[in-house]
Amino acid sequence: MLASQPQHRHLSATLHLQDHRRRPPPAATLHPPATNSKRRPLFSAISSSLRHHQHTSPDHQNDAAASTGESDILRTHNAKSTAALLRHLSNQDQQNPDGQNQEPFLPLLNQDREKLLEISLLTKRTPQFPGSIYINSSLPLVQSVFRGQNGNLDYPDDDVDDEMLVRALEIRRKVTASIFKEAMKKDKFGITYCENLISEIPDFIDYVMIKAVSMKKFPDFSQSSYNVRANFFIDECKVVPLIRWLKHNSLSYPQIGKLICASKGNLDSIRQLAQWLKTIHIKGRYIGVTLTRAGGNVLERSREEFNEIVEYLEENGVRKDWMGYVVSRCPEILSFSMEELRCRTEFYLSMGMEKNDFGTMLFDCPKVIGYFSIEEMNQKVAYLKEFGLDNEEVGRLLAFKPQLMACSIEERWKPLVKYFYYLGISKDGMRRILTMKPMVFCIDLEKTIVPKVEFLRDIGVHEDAIGNMLARFPSLFTYSLYKKIRPVVIFLLTKAGISQRDIGKVVALGPELLGCSITNKLDHNVKYFLSLGIRLTVLGEMISDFPMLLRYNVDVLRPKYRYLRRIMIRPLKELIEFPRFFSYSLEGRIIPRHKIMVENRINFKLRYMLGSTDEEFEMRVKEAVEKRTRFESGVPYKEESSYSQNDDLSDTMPVYGIPDNLVLDTDH
């Protein structure tokens, strides 16, 4: 008995078992050889074969050879010795079918049970080398470990170990995953793709395992192995061709795994829904996005329900060729019931929004219909109304910029409003910004707005002018600081003759310049004015007085300058003193007033000719005519009008030598 203990411990070591605590002695035990038993040479041979090159003492070998005779097994390390060992074991079991004359069982360690359990659940034989010992689940040693008193390959009813059952379940799950991987390899899937996909479908692997186990109760599979049943179920459900089809439709393996797990075994619903999505013009990778984000119950709905949703959206302004874009960007629509979809649609239509505007809004931002709850949408509408907007104005605002509904009140709007108050922008100014450029309420405060305000301070814009400038031209918030604003400022300083002292004034008076193109607008205008004979420094002063000078089209500037020089016969100096001349309409103001002055033989500077209203201009003309008449008659003229007191003498000098019936030719 003592001689057999090292042999049993060495068997545990050769099976690479882990060290666990001992269990109480189970009913199934190993048969230790007795000292005087005929099986002593057999176990000595096993021990020697397992030790490989470990040698025993010569005396022990002689005693074993004398006691065994012809039944001794040679210690040759090849496949024949292993086969002879297995035949010898089977012959001894046949000699003692009832287990008579057997010695008491030894308790089996818990780690021995786990290793033998894993061996019994292997799917195929591992590669062997000559001289190695192969143990399979059909060996009496393995069967005896899990055979209880009732003869079944299981634990005894009174000694069930939950931990061992969990371990057996984990091993069976690995076996199922291996079977599934082999099935995918047969369809020419790569090893890496198979492993990645199997890691995404643990629920489906368990589903296959349960189905394969439940198939054993059917007569056709009662004698089949687990591998046969699992392979049959995998082929029957056609999951591998479905994976190939989904992969062909640009679905990634995480999306495929999520769909397979969400189908709960109903794999045909995935293919049917994907085919329906193609009918509404959803293609490519958006099929996978739509399937995975639509919701858990979308695979359980019928095609008739989906068609009803599409028809309702078409009735409310969503064009048919837009439907695929809207559904792919907001797949949650497919999970809504018709009652909920009607409620969300009426929320926008009740604000005076037309159906066509509603359809356009969904096309611009599909999230507004499905991403937010009704309560959250009501809160955002109520907050927008605090700026003085009524219900219809909010509806028009959302139809124009639906991205406002995607902004958070606490994280986006409230910090922005607080910062506007800090800049001195009033509530009316915020309303102007909201109505003129609602995109401002959607951009990031810290990353976009604050750096631009700091840049305006750095170039010399006064603190009190920043708020007014931004409220007057809110589009400035949406321009890129490094691609738009800074290059324009550098151009004005280097190419347009504006001094660093005046650049803040120019930007504050004409923030629209920051939105002009340098190559298509500003550079052309600067070159045109320089071609007129204006020096660069003088041009910079003109722009400082009137920054909008660079925003006019050259085709508009050219006829006005031609009329000034050829018809009005005015010097360039007057144009330099009054650059706003280009802001007045040639046909509406310049030519009519010039005709009046020619008819009355009077002359005004450009600022008094064009810078006053029609009533003021008539008063100026009347006083100038009266002054000219008195001068011609030699009667002293007493100035009584406030207009004449503010004008220079040269402003109202009479024009001699011009006939009264002069006809102006404006074509040259």
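**View 1. Contacts of Leu 397 in this predicted model.** Not counting residues up to four places away in sequence, Leu 397 touches Leu 384, Leu 389, Leu 404, Leu 434 and Pro 438, where contact stands for heavy atoms within 4.5 Å. Leu 397 itself has its place in helix H21; helices here are DSSP runs of H or I with at least four residues, strands are E runs of at least two, and both are numbered from the N terminus. With a relative accessibility of 7%, Leu 397 counts as buried, a term for under 20% relative accessible area, whereas exposed is over 50% and partly exposed lies in between (1.4 Å probe, protein chains only). Pro 438, one of the residues that Leu 397 touches, is 41 residues away along the chain, and the C-alpha atoms of the two are separated by 7.7 Å. Residues are numbered from 1 along each chain as its sequence is written, and side-chain values use heavy atoms, with hydrogens and water left out. Since the model is predicted, local features need pLDDT of at least 70 and side-chain atom pairs count only at pLDDT 80 or more, while totals for chains, interfaces and linings use all residues.

**View 2. The buried residues of helix H23 and what covers them.** Helix H23 spans residues 427–436, and its buried residues are Gly 429, Met 430, Ile 433 and Leu 434. Seen down the axis of H23, these buried residues fall within an arc of 140 degrees, so they line one face of the helix; the arc is that of the directions from the helix axis to the C-beta atoms. An α-helix has 3.6 residues a turn, so residues three or four places apart point the same way. The cover over the buried residues of H23 includes helix H20 (374–385), helix H21 (391–400), H22 and helix H25 (463–472). Leu 434, one of these buried residues, is also among the residues that Leu 397 of the first view touches.

**View 3. The packing of helix H22 against helix H24.** H22 (residues 409–423) and H24 (residues 445–458) pack at an angle of about 10 degrees, and their axes lie 11 Å apart. The axes are lines fitted to C-alpha atoms, for helices over the stretch in contact, and angles run from 0 to 180 degrees between N-to-C directions. H22 and H24 are therefore roughly parallel to each other, a description kept for angles under 35 degrees (over 145 is roughly antiparallel, 65 to 115 roughly perpendicular and the rest oblique). From H22 the contact draws on Arg 412, Pro 415, Leu 416, Tyr 419, Tyr 422 and Leu 423, and from H24 on Leu 445, Ile 449, Val 450, Val 453 and Arg 457. By class, the residues of this contact are nine nonpolar, no polar and two charged, where Ala, Val, Leu, Ile, Met, Phe, Trp, Tyr, Cys and Pro count as nonpolar, Asp, Glu, Lys and Arg as charged, and the others, Gly among them, as polar.

**View 4. Ile 409 of helix H22 and its contacts.** Ile 409 has its place in helix H22 and, at 14% relative accessibility, counts as buried. Apart from neighbours within four places in sequence, Ile 409 is in contact with Gln 379, Lys 380, Tyr 383, Lys 414 and Pro 415. Lys 380 is 29 residues from Ile 409 along the chain, yet their C-alpha atoms are separated by 6.9 Å.

**View 5. Glu 512, a buried charged residue in a loop.** The loop that holds Glu 512 runs between helix H27 (503–509) and helix H28 (518–531). Glu 512 has a relative accessibility of 15% and therefore counts as buried. Leaving aside neighbours within four places in sequence, the residues in contact with Glu 512 are Arg 472, Phe 473, Met 548 and Arg 551.

**View 6. Positive phi at Lys 188 and Arg 601.** Most residues other than glycine have a negative phi, and most peptide bonds are trans. Lys 188, in the loop between helix H7 (162–186) and helix H8 (191–200), has a positive phi near 65 degrees and is exposed, with a relative accessible area of 74%. Arg 601, which lies in the loop between helix H32 (586–599) and helix H33 (606–610), has a positive phi of about 50 degrees although it is not a glycine, and with a relative accessible area of 23% Arg 601 is partly exposed.
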